[in-house]
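Visitor: I'm new to this one. Could you take me in for a close look at a single part, the place where the two domains meet?

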Amino acid sequence: MNTPAAIGYDAAMQLAVEQAELVKGKTYPNPPVGAVILDRDGRVVGVGGTQRAGSAHAEVVALRRAGRLAEGGTAVVTLEPCNHHGKTPPCVDALLKSGVATVVYAVADPNPPAAGGAGRLVAAGVRVVNDVQTDLVVTGPLREWLHKQRTGLPHVTWKYAASIDGRSAAADGSSQWITSEAARADVHRRRATADAIVVGTGTVLADDPALTARLPDGSLADRQPLRVVVGRREIPSEAKVLNDDSRTMVMRTREPAEVLQALSDRTDVLLEGGPTLAGAFLRAGAIDRILAYIAPILLGGPVVAVDDVGVTSISRALRWRYDGMERVGPDVVLSLVPREPASGSVRNDRPGQG
């Protein structure tokens, strides 16, 4: 039997991020946190992710799996261990009881009631190492939760599919399917971790989407996002978006600020509407990330991915920067975030909420 090899803090944090990704979408209102326990020799002896609200946090799950091997070892966690008693005891208590000698984390907890874990660990004689693989965590599993803590509003990702010339449909309006089966499966995976999907009435009337998260075999995923339809037009009672596969909210408004306020109890929102709704959200500065699924096809024609965004000259362009790119089947997924705050934004940064 081979003995597991020792790993460093960076590799352990990458493993903790993988654990966080596995539970993303299942921990609300708690953040999706991952933890790894290393023994005295730096070997992995326990891993875990935060469970559903009211259940064990990542550190507790990983410590249970490590057992006595945690004593004198290291706990590697994506978020600073919590120091408050909510539905569960503080994670700091479990770490101190386990006898770990070192705690490593990537991101400080911005939530005032839960913060202070690192200080308490240091006071108890535990070595603490912070800011390990911070960028990996901030742009990964904690992206949306950290945004919610900072602004009090949900993180909005505009997801769209287009040809390489920026068309979301052919000249005759047909759009199924621009991207590959692999790309569509990736979208369903992301839907299963989101709290809500927003579309306009135009999309419902034109495409009659179900807006559900499905598994590769076509069955419904265990977790379904709230479906949100916005706009002033009536939609037929037999529309798929109104079926029993998930809950649906219909809002008679086209104002992004009103939509975000109605979803203020959510964290991760996908905007999947057509070009009109996307344009409205962009003009309002209400999009925090763009996920562009680009297929290697040319369509031409008038049907573009987004309508007017209020840009009258190149000097007033809405500027974004790439923060990720990956291949999905024959397609490319581009992840972009604003290069600078948008003028006229509906957002106002404020301290994290408890």
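Guide: Happy to, and let's start with a term we'll need: a polar contact is a pair of N or O atoms within 3.5 Å, and within protein one of them must be able to donate a hydrogen and the other to accept it. Keep in mind that this is a predicted model.

Now, the two parts themselves. The domain assignment splits the protein into domain 1, running 9–145, and domain 2, running 153–338. Taken over C-alpha atoms, their centres sit 33 Å apart. Where they touch, 8 residues of domain 1 are in contact with 12 residues of domain 2. Together the two domains bury about 850 Å² between them, and 50% of that is on carbon and sulfur atoms. On the domain 1 side, Tyr28, Arg143 and Glu144 lose the most area to domain 2, adding up to 64% of what that side buries.

So much for area; how about polar links? Between domain 1 and domain 2 there are 3 residue pairs in polar contact, counting pairs with both residues at pLDDT 80 or more. Sort the domain 1 side that touches domain 2 by class, and you get 2 nonpolar, 2 polar and 4 charged residues. There's also 1 salt bridge between the two domains. As for Arg143, one of the residues we just met, its side chain meets that of Asp323 in a salt bridge, with N to O at 3.0 Å.

That's the meeting place: 8 residues from domain 1 against 12 from domain 2, with about 850 Å² buried between the two.

Terms used: Residues numbered from 1 in each chain as written. Predicted model: local features only at pLDDT ≥ 70, side-chain atom pairs only at ≥ 80, totals over all residues. Heavy atoms only, no water. Domains from an automatic or database assignment. Contact = heavy atoms within 4.5 Å. Buried area = accessible area lost by both parts, 1.4 Å probe. Salt bridge = Lys/Arg side-chain N within 4 Å of Asp/Glu carboxyl O. Polar contact = N/O pair within 3.5 Å; in protein donor to acceptor, adjacent residues only side chain to side chain. Nonpolar A, V, L, I, M, F, W, Y, C, P; charged D, E, K, R; others polar.
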